[in-house]
Amino acid sequence: MLVAGAGPGGSAAALTLAAAGADVVLVHQERRAAWHVGESLAPTARPLLARLGVLDRVTEHGHEPWYGTRSAWGREDVTASDFIGGPYGSGWLLDRRLFDASLRDAACEAGADHHDGSVTAVVRAGNLWRVSVSGTEIVAPYLIDATGGRARIARRVGARVVATDHLVAVAAVLPRRCPQRNTASDDTERTSLVESAAFGWWYTAPLPYGQDIVVAVTDADLIAPTGLRTPAGWLSALTATRQVSARLNADGVGPPHRLAVLRAGTSRVAPSAGHGWAAVGDAATATDPIAARGITAALATGISAGSAVTADAQGDRCALERYADLTAVVHAEFLQARTVCYGAGRQWDTPFWTRRTDGRPVDSVAGGEPSVNELTPA
């Protein structure tokens with residue numbers, strides 16, 4: 001089995017396959033210069049991590065507890081949703097590099113063979129795949145596409161990416177300016193905060209090591225008109241917020257040294273599995289970050305796809321089709337929930353909000369795949 005990509009979805013698939021006794025090659029190319037902004041992991045991921053045998057790695061190593069969310073969504077005051085008292089306890093505010101590396105290490109410890117490189121060609125030869133990986137040919141009976149929203153493997157074997165929008169996140173990491181928020185007793189600030197804005201919405205959460213992740217979310221074609229492309233414009237929009245600015249003590253903060261423009265759009269691959277292959281994570285179903293479900297969905301699809309491939313190899317010829325049908329249904333349910341969510345947050349008759357609440361497909365008006373890069377002050 002060859003798994004292309006070692007993010008949460010790819011590592012979960014590799015772990016599942018290796019636990020079932022499969023020979024697994026996990027293809028991953030380390031990009032040491034890339035900046036990973038970090039993310040939150042919902043408490044609902046806890047049983048998935050336990051199933052994979054990696055729960056202790058997450059709970060014991062370098063991540064902040066996440067106690068809930070605060071939101072000013074279509075309103076000025078803040079509402080709270082706390083995880084304490086729920087069935088799974090707190091979530092995590094992740095050091096994403098550490099999290100991804102721990103899952104990848106667990107897959108290798110379970111028996112997956114890590115291959116440093118990237119897939120450059122895929123050819124079907126009878127019941128096998130001949131895969132070129134950075135100049136080396138690997139032959140495998142099954143492929144798992146964990147290459148992210150572009151679904152590079154799935155598209156090579158005939159699937160298509162169906163994009164619903166071209167949402168982007170313009171992100172910066174800021175040093176924490178309130179010393180008391182670094183203390184273990186300050187549980188209030190171990191929450192994420194979302195605040196709607198005319199151009200979209202803001203998100204912030206504490207990161208390990210005394211920093212805060214701060215993200216402006218909008219459509220790709222709205223970055224320039226709203227001034228978010230430059231550090232000075234981004235900061236101006238941030239200081240215009242009420243709740244996020246107050247939490248960050250943003251008055252007097254200088255422009256960030258670096259902005260990252262990241263794809264955050266909703267899409268799915270159709271189909272998400274076929275004869276001898278399956279897509280997982282964002283390659284299967286990528287969802288708007290307002291749902292805070294990206295990593296949880298990656299873990300779930302990785303486990304499900306790994307189980308489907310195992311069943312197919314054992315003679316269940318409908319297993320991969322069932323997996324594809326399930327991911328399509330789950331994605332459709334998310335789209336319905338997203339419409340309700342944005343309807344509740346609408347406060348402005350601006351392009352971002354009307355695109356999501358007037359009944360038209362967002363993709364029909366928010367054209368153009370965003371360029372993803374890092375911006376630094378001139």
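# A guided tour of the predicted model

Begin by selecting strand 5 and strand 6 (residues 79-82), which run antiparallel and are joined by four bridges. As you look around, keep in mind that this is a predicted model. Within this pair, find Arg 70 and look across to strand 6, where Ala 80 stands opposite Arg 70. Then follow the chain through the turn: the hairpin of strand 5 and strand 6 has six residues between the strands, and in this hairpin Gly 74 takes a positive phi near 75 degrees.

Keep strand 5 selected and add strand 15 (residues 192-197), which is joined to strand 5 by four bridges, with the two strands running parallel. Here Arg 70 appears again, since Leu 193 in strand 15 stands opposite Arg 70. Strands of a sheet pair through backbone hydrogen bonds, and the pairing can be either parallel or antiparallel. How many of the five residues of strand 5 (residues 68-72) are buried? Four of the five are buried, so strand 5 is largely enclosed by the rest of the structure.

Next, select strands 3, 7 and 4, which form an open sheet of three strands in the order 3-7-4, with antiparallel pairing. Strand 3 (40-41) and strand 4 (64-66) stand at the edges with a single partner strand each, so one side of each is left without a neighbour in the sheet. Zoom in on strand 4 and strand 7 (residues 91-93), which run antiparallel and are joined by three bridges; in this pair, Trp 66 stands opposite Gly 91 in strand 7.

Now turn to the helices, and select helix 1 (residues 8-19) together with helix 4 (residues 96-109), whose axes come within 8 Å and cross at roughly 20 degrees. That angle makes helix 1 roughly parallel to helix 4, because angles under 35 degrees are counted in that way. The crossing in which helix 1 passes helix 4 is left-handed. To see the contact itself, show the side chains of Pro 8, Ser 11, Ala 14 and Leu 15 on helix 1, and of Arg 96, Phe 99, Asp 100, Leu 103, Arg 104, Ala 106 and Ala 107 on helix 4. By class, the residues of this contact of helix 1 with helix 4 divide into seven nonpolar, one polar and three charged.

For a second helix pair, select helix 8 (residues 294-313) and helix 9, which pack at an angle of about 160 degrees with their axes 8 Å apart. Helix 8 and helix 9 are therefore roughly antiparallel to each other, and helix 8 passes helix 9 in a right-handed crossing. The residues to display on helix 8 are Thr 301, Ser 304, Ala 305, Ala 308, Val 309, Ala 311 and Asp 312, and those on helix 9 are Ala 319, Leu 320, Tyr 323 and Thr 327. The contact of helix 8 with helix 9 has seven nonpolar, three polar and one charged residues.

Stay with helix 9 (residues 319-345) and pick out His 331, which is found in this helix. Is His 331 buried or exposed? His 331 is buried, with a relative accessible area of 2%. Leaving aside neighbours within four places in sequence, the residues in contact with His 331 are Thr 164, Thr 266, Ser 267, Arg 268, Thr 285, Ala 286 and Thr 287.

Another residue to select is Ala 151, in the loop between strand 12 (143-145) and helix 5 (152-156). At 0% relative accessibility, Ala 151 counts as buried, and, apart from its neighbours within four places in sequence, Ala 151 is in contact with Asp 145, Val 161, Val 269 and Ala 283. Add Ala 279 to the view: Ala 151 and Ala 279 are 128 residues apart in sequence, yet 7.5 Å apart in space, C-alpha to C-alpha.

Then select helix 6 (residues 231-239), whose buried residues are Pro 231, Gly 233, Trp 234, Leu 235, Ala 237 and Leu 238. Show also what covers these buried residues of helix 6, which includes strand 14 (167-175), strand 16 (200-207), strand 17 (211-219), helix 7 (243-248) and strand 18 (259-263).

Finally, zoom out to the protein chain, which has ten helices and 23 strands. Of its 378 residues, 52% count as buried. Among the contacts in the protein chain with a separation of 6 or more, 71% are accounted for by residues 24 or more positions apart.

Note on methods: Residues numbered from 1 in each chain as written. Predicted model: local features only at pLDDT ≥ 70, side-chain atom pairs only at ≥ 80, totals over all residues. Heavy atoms only, no water. Axes fitted to C-alpha atoms, helices over the stretch in contact; angles between N-to-C directions. Parallel < 35°, antiparallel > 145°, perpendicular 65-115°, else oblique. Left-handed = near helix turned anticlockwise from the far one by under 90°. Contact = heavy atoms within 4.5 Å. Nonpolar A, V, L, I, M, F, W, Y, C, P; charged D, E, K, R; others polar. Pairing = 2+ DSSP bridges. Buried < 20%, exposed > 50% of the residue type's maximum accessible area, 1.4 Å probe, protein only.
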